[in-house]
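Let's take a walk through the empty spaces in this protein, the closed ones and the open ones. Pull up the view below and follow along.

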Amino acid sequence: MSLKSKNPSHSFTIMNELVLPNDTNTLNNLMGGRLLHWMDIAAAISAQKHCNRIVVTASVDNVSFKQPIKLGDVITIEAKVTRAFHTSVEVRLDVWAENIPTGGRVKSNEAYYTFVAIDQGGRTIPVPELVPETTQEIELFEGALRRRQLRLILAGKMNPNDAPELRALFFRD
């Protein structure tokens, strides 16, 4: 079966959540674990839209907490596939926090999640190719191979000597 390539816009997902008291810590800030849960859901939806298959979370990396998110804020999570590999996809997320009464909106987080597509028996299956269109999509696409190599090295699944894109950043062969 031939898989039809897709553009990043096909996987674009927006998810909104209201920060309620049960979502916060004793400082009335959103708990990090709750945000990671919401981000995982948004990223999975994005990955499933690209793959048209069940996907499972393979890794979470580079989650940066830049601003605290307060009780009553509205969270907007934007997710989009940045690159497809053979059976996996990388999804980038941007998280915005908005205080509706004041109109203030800040970017609070960004992250990369990786998902693997599986069949009904739990076996990995190929995913459609991703064809970036905009300058930003091309930059994210090109950087995804370095991020993937770093993920694999940190997980002990790749020898650093076998990561040519990463080596090129540090060494001139």
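**Holes and hollows**

Keep in mind that this is a predicted model. Let's begin with the lining of the largest cavity, which by class has four nonpolar, one polar and two charged residues. The names to click on are Pro8, Lys80, Val81, Thr82, Glu137, Leu140 and Phe141. Two elements, β3 (74–84) and α2 (135–154), each bring at least two residues to that lining. The space they surround has a volume of about 40 Å³. How many cavities of 30 Å³ or more are there? The count comes to one.

Now for the open side of things. The largest pocket holds about 440 Å³ of space. It is lined by 21 residues, and if you want to get to its centre, look for Ser59, Thr114, Arg148, Arg151 and Leu152, the closest of them to that point. The lining takes two or more residues from each of β2 (54–65), β4 (88–99), β5 (104–118) and α2.

Which element gives the most to the lining of the largest pocket? That's α2, with seven residues. You've met this helix already, since α2 also supplies at least two residues of the lining of the largest cavity.

As for chemistry, the pocket lining is a mix: 10 nonpolar, four polar and seven charged residues. Arg148 and Arg151, among the residues closest to the pocket centre, are good places to start looking around.

Definitions and conventions
Residues numbered from 1 in each chain as written. Predicted model: local features only at pLDDT ≥ 70, side-chain atom pairs only at ≥ 80, totals over all residues. Heavy atoms only, no water. 1 Å grid on protein atoms, 1.4 Å probe; cavity = no way out; pocket = protein on both sides within 12 Å on 5 of 7 lines; lining within 4 Å. Points joined across faces, edges and corners; volume = space filled by probe spheres on them. Helix = DSSP H or I, 4+ residues; strand = E, 2+ residues; numbered from the N terminus. Nonpolar A, V, L, I, M, F, W, Y, C, P; charged D, E, K, R; others polar.
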